[in-house]
Amino acid sequence: MLERFISVSSEEEALAQLNAHGEELQILAGGTDLMVQLQQSGQRTRRLLHIEKIPGLQKISYNGETGIGALCTHRQIVESTLLAHYRSLRQAAAQVGGWQTQMVGTLGGNICNASPAADTLPPLLVHDARITLVSQARGSRVVDLEKFLLGRRHTDRHHDELVSGITLSQPPERGSDIYIKVGRRSATEVAIVGLAACVALDEHRRLIEDVRLAVCSVGPVPKRLYEIENLIKGQEISDSLLDEAGEMLLELIEPIDDVRASKKYRAMVAPRVLREAITCCAQNASG
Ligand SMILES: Cc1cc2nc3c(=O)[nH]c(=O)nc-3n(C[C@H](O)[C@H](O)[C@H](O)COP(=O)(O)OP(=O)(O)OC[C@H]3O[C@@H](n4cnc5c(N)ncnc54)[C@H](O)[C@@H]3O)c2cc1C
């Protein structure tokens with residue numbers, strides 16, 4: 001039996017609980033990760049802080065920059081017109097499990113769970129997402145997602161902190177973005193390889209002016225691929241450039257064998273996904 005289940009309906013209440021009992025409390029949002037983990041680990045005495053009903057954290061807004069409340073569900077993200085220019089994020093959210101999982105699973109939960117295979121992390125990384133954390137004792141702080149993700153299921157969140165929202169950078173002009181997920185049964189399967197790209201072309205729509213790339217499921221933590229970005233920036237897309245990018249990718253990722261796919265398969269697929277993502281984005285951006 002659970003020792004205690006605390007349900008809060010405001011951010012202030014949540015922060016007061018975390019301030020008093022942060023080390024013993026486990027935050028529960030949609031529960032699609034946590035409930036499975038608790039069941040599998042047999043940890044039935046954890047105290048749960050249920051935050052799903054905090055109203056202010058369920059909004060998507062635009063106020064000079066785009067903000068997404070931590071409790072926004074994947075379905076909300078898929079259906080939001082305010083996120084029309086963040087196609088890769090909507091594509092990723094649309095592939096987090098099936099419909100039922102998307103209806104309750106939250107963006108904040110996907111981030112804080114910090115799974116190597118979390119679908120929304122590559123698109124958030126290519127849009128330079130920043131995470132807002134709040135605590136009663138120290139107020140709020142903002143951390144780049146990249147720095148927030150410390151390792152496999154390990155983040156920079158302190159015990160008394162709540163993730164309240166995510167802010168995205170403005171999408172680039174003459175740009176296009178995409179998320180490609182390779183899974184055994186597409187939408188209802190965890191990614192074997194996931195890759196997000198955001199490509200912007202120069203004013204003549206010939207050279208790559210800006211490119212951002214990020215991967216998941218091919219290492220302990222989803223990450224940006226800066227070396228490949230630097231290789232491609234300022235160049236015109238060609239077969240040889242994409243071949244070189246694919247070879248570089250194999251040096252940057254750390255695929256493993258697991259129940260979903262072999263290391264060999266992941267290494268074979270990843271460069272193809274990279275090629276497809278960059279080509280698609282460049283084609284879309286060229287109008
Ligand atoms: C059938 C099934 C299929 C799935 N398929 C996929 C998939 O294809 N791709 C994928 O990426 N994921 C998948 N998932 C995992 C899961 O649905 C997502 O990671 C989801 O976004 C988690 O959100 P949640 O609100 O349910 O998180 P919860 O389970 O409530 O919490 C997850 C973790 O985040 C912490 N947390 C949650 N919110 C906050 C907050 N605001 N502040 C601080 N800490 C917080 C919790 O303490 C916990 O450690 C699947 C899950 C299921 C059950």
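**Figure 1. Helix H2, a helix that is hardly covered.** Of the 8 residues in H2, the number that count as buried is 0. Keep in mind that this is a predicted model. Right after H2 comes Gly42, which takes a positive phi of about 70°. H2 turns up again in the ligand view, since it is among the elements that give two or more residues to the shell there.

**Figure 2. Helix H1, with buried residues along one face.** Here we're looking at residues 11-21. Ala14, Leu15, Gln17 and Leu18 are the buried ones. Down the helix axis, the buried residues of H1 fit within an arc of 160°, so they line one face. The general rule helps here: an α-helix has 3.6 residues a turn, so residues three or four places apart point the same way. Flip to the other side of H1 and you'll find Glu12 and Ala20, both exposed. What sits over the buried residues? The cover includes strands E1 (5-7), E2, E3 (47-50), E6 (130-135) and E10.

**Figure 3. The shell around the ligand, 27 residues in total.** Gly30, Gly97, Gly105, Gly109 and Asn110 come nearest to the ligand. Strand E2 (25-28), helix H2 (34-41), helix H6 (107-113) and strand E10 (162-168) each give two or more residues to this shell. H6 has the largest share, with 5 residues. Sorted by class, the shell holds 12 nonpolar, 12 polar and 3 charged residues.

**Figure 4. Val221 and the residues it touches.** Val221 sits in the loop between strand E13 (208-216) and strand E14 (223-224). Is Val221 buried, exposed or partly exposed? Val221 has 19 other C-beta atoms within 10 Å, and being buried takes 20 or more, so it counts as partly exposed. Leaving out residues up to four places away in sequence, Val221 touches Pro116, Leu149, Gly151 and Arg152. Take Gly151: it is 70 residues from Val221 in sequence, yet the two C-alpha atoms are 5.5 Å apart.

**Figure 5. Zooming back out to the 11 helices and 14 strands of the protein.** The radius of gyration is 19 Å, close to the 19 Å that the globule rule gives for 287 residues, so the protein is as compact as a globular protein of that length. Along its principal axes, the C-alpha trace spans about 60 × 45 × 30 Å. Of the 287 residues, 42% count as buried. As for contacts between residues at least 6 apart in sequence, 65% of them join residues at least 24 apart.

Definitions and conventions
Residues are numbered from 1 along each chain as its sequence is written. This is a predicted model: local features need pLDDT of at least 70, side-chain atom pairs count only at pLDDT 80 or more; totals for chains, interfaces and linings use all residues. Helices (H or I, at least four residues) and strands (E, at least two) are DSSP runs, numbered from the N terminus. A residue is buried if 20 or more other C-beta atoms lie within 10 Å of its own, exposed if 12 or fewer, and partly exposed in between; C-beta atoms are placed from the backbone. Two residues are in contact if their C-beta atoms, placed from the backbone, lie within 7 Å. A residue is near a molecule or strand if its C-beta atom, placed from the backbone, lies within 6 Å of it. Ala, Val, Leu, Ile, Met, Phe, Trp, Tyr, Cys and Pro count as nonpolar, Asp, Glu, Lys and Arg as charged, and the others, Gly among them, as polar. The arc is that of the directions from the helix axis to the C-beta atoms. The radius of gyration is taken over C-alpha atoms; the globule rule is 2.2 Å times the number of residues to the power 0.38.
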